[in-house]
Amino acid sequence: MKTSVLFLGGGVVSPPQREEWGASCAFGRLNGINFVVDAGIKPKLSRKPEFSTPNFKLIQNERVDIIFITHAHADHVGALAVLAKQHPNAQIWMTWHTADLAETLLSSSLSYLKHKRPEELLESPPLFSAEDLTALKKRIQIAKPEEWEVFESAAGRIEFCFWPRGHLPGNSAVLLKAEGAALIFGSDTYSVELPTVEAAKPLPQDFLQLRPVLFTEGTNGATFHLDRKIEEARVTSFVREVNRRGGNVLLPAFSIGSAQNLVITLAQAGIPTLLGGKIAWTAMRSDAYLPFAERLKDHIHHLEGWDLQRFGKEERGRTVVASHGMLEHGSISHSLLRDWMADQNNAIVLTGYQAEGSLGRYLQTRARPDQRIYFPMNDDRITLKAEVQTIRLSSHDDLRHLVEGAISCRPREVVIGHADEINYRSLSRRLENCGLKVQRGENNREFEFNF
Ligand SMILES: [Zn+2]
């Protein structure tokens, strides 16, 4: 049987098109059924909405029968309301935690718009309306992890299953099969236990006997991680030391997943921590994180309610986890960085991914102590005195786990996406050395497979 998959976004990114990162989305055909896996946005929204989303134009005249969402990160679900509107008859499936966290993410991004000035809205117009979101919520169907479901229509029949992959509560690979053909959409994957999520589960052996095609991420395809527990202990002991000398610690983090993992790790070590950012705090009340929030309520507090200006200038010995994870202008982490960076008692701890061109990356790789850093938006220069530490706490598999994971799937071939050129090359070389056939997941390219 012939099957095909077209990348509408989330393909491998070469340096000249750095802004293309994100917006995961694949359209496929299997046994008469047309499906889509994920509908994300790019982290940096563009002036033109169509540049922020996957290339939905390529399928605007196609029938889409079913949409699968792997997890609730913006680069996988941020454009779902747009896709859902374009294909009003498609079924939409995801796990319970994904639906819960996606609702927080999508509705918070709408309420955030209320605080924007008309000229700002003109610059980056919203992708969808409150009505679109209400319509979307009514269509979501919940899949139980590890259970097979059937989708059948006059056009054909497929079976699908959501399989836990670590990384974020609810995150799942999507397994598809029909008439001996089998596909794995691997999602973002983490094979190590996180404070709030179990490690990725090995895929079911009977399914792997079909020799599936594997679509894998390659985010950290050129990296080997250190032991996570040791790195977490490094973070907590460093934070404690800075607090003890009266210094403030700022830990920039992304709103869903990394912010909660950090705040819970610090609170479990007995460090009182403030969490900044509306989405991050709302997510803390979701089913996935609420038990932690309640158990650790004496140590986790919301930064909201404080006068941020006064807090930044007057407070000492505080620990704050706040979005944006790369210190983007306009965010809480950006504002606290400006308030705290000129004091040598303070520290900034970078634990997450810092994209090329971001302020976080600049601090991490180029800024030197006592350097004056220019903030163009405020036309301001501030001398960097605070300590900048990088302690990586990624929740994506490293090269070793990506290779082990791919080999264990016994795939007939592997398509790598969700990676930049360096990581793609490193991972593909290693997989080819292990005897696997590898393809480069490129945007707007259709792959055909024969089973
Ligand atoms: Zn993710």
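## A walk through the model, starting at Gly270

Select Gly270: directly after helix H9, this residue adopts a positive phi of about 85°. Keep in mind as you look around that this is a predicted model.

**Stop 1: helix H9**

Now step back to the helix itself and select residues 258–268. How many of the 11 residues of H9 are buried? The count is 10 of 11, so the helix is largely enclosed by the rest of the structure. To colour the buried ones, pick Ser258, Ala259, Gln260, Asn261, Leu262, Val263, Ile264, Thr265, Leu266 and Ala267.

**Stop 2: helix H8**

Keep Leu266 highlighted and add Arg240. These two are 26 residues apart along the chain, and 9.4 Å separates their C-alpha atoms. Arg240 belongs to helix H8, which covers residues 228–244. Is Arg240 buried or exposed? Partly exposed is the answer, because 15 C-beta neighbours fall inside 10 Å, and a residue needs 20 or more to count as buried.

Stay on H8 and click Phe238, which sits in this helix too. Phe238 has 16 C-beta neighbours inside 10 Å and so counts as partly exposed. Show its contacts next: leaving out residues up to four places away in sequence, Phe238 touches Val349 and Gln389. For a distance to try in the viewer, draw a line from the C-alpha of Phe238 to that of Ala322; it spans 18 Å, with the two positions 84 residues apart in sequence numbering.

**Stop 3: Asn346**

Move on to Asn346, in the loop that links H13 to strand E16 (347–350). Here the surroundings are fuller: Asn346 is buried, since 23 other C-beta atoms lie within 10 Å and the threshold is 20 or more. Which residues does Asn346 contact, once neighbours within four places in sequence are set aside? Select Gly247, Asn248, Trp340 and Ala386 to see them. Then draw a line from Asn346 to Leu80: the two are 266 residues apart in sequence, and their C-alpha atoms are 40 Å apart.

**Stop 4: the loop before H13**

Select the stretch between strand E15 (319–322) and helix H13 (332–340), and look for His324 in that loop. The peptide bond between Ser323 and His324 is cis, with omega at about 10°. Most peptide bonds are trans, which makes this bond a nice one to zoom in on.

Gly330 is in the loop between E15 and H13 as well. With 9 C-beta neighbours inside 10 Å, Gly330 counts as exposed, because the limit for that class is 12 or fewer. Add Met377 to the selection: Gly330 and Met377 are 47 residues apart in sequence, while their C-alpha atoms are 9.4 Å apart.

**Stop 5: two positive phi angles**

Most residues other than glycine have a negative phi. With that in mind, visit Asn31, which is not a glycine yet has a positive phi of about 50°. You will find Asn31 in the loop between strand E2 (25–30) and strand E3 (33–37). Its 18 C-beta neighbours inside 10 Å make Asn31 partly exposed.

Arg211 is the next selection, also a non-glycine residue with a positive phi, about 50°. Its loop runs between helix H7 (205–208) and strand E11 (213–217). Arg211 is partly exposed, with 15 other C-beta atoms within 10 Å.

**Stop 6: helices H15 and H16**

Select residues 399–408 for H15 and 421–433 for H16. At what angle do the two axes cross? They cross at roughly 45° and come within 10 Å, so H15 and H16 are oblique to each other. The crossing of H15 past H16 is right-handed. To view the contact, show Leu399, Leu402, Val403 and Ala406 from H15, along with Ser426, Leu427, Arg430 and Leu431 from H16. By class, that contact holds 6 nonpolar, 1 polar and 1 charged residues.

**Last stop: the whole protein**

Zoom out and colour by domain: domain 1 takes in 2–223 and 395–450, and domain 2 takes in 228–390. Their centres, taken over C-alpha atoms, are 29 Å apart. Where they touch, domain 1 contributes 17 residues and domain 2 contributes 19. On the domain 1 side of that contact, 8 residues are nonpolar, 7 are polar and 2 are charged.

Technical notes:
Residues are numbered from 1 along each chain as its sequence is written. This is a predicted model: local features need pLDDT of at least 70, side-chain atom pairs count only at pLDDT 80 or more; totals for chains, interfaces and linings use all residues. Helices (H or I, at least four residues) and strands (E, at least two) are DSSP runs, numbered from the N terminus. Domain bounds come from an automatic or database domain assignment. Two residues are in contact if their C-beta atoms, placed from the backbone, lie within 7 Å. Ala, Val, Leu, Ile, Met, Phe, Trp, Tyr, Cys and Pro count as nonpolar, Asp, Glu, Lys and Arg as charged, and the others, Gly among them, as polar. Axes are lines fitted to C-alpha atoms, for helices over the stretch in contact, and angles run from 0 to 180 degrees between N-to-C directions. Angles under 35 degrees count as roughly parallel, over 145 as roughly antiparallel, 65 to 115 as roughly perpendicular and the rest as oblique. A crossing is left-handed if the near helix is turned anticlockwise from the far one by less than a right angle, and right-handed if clockwise.
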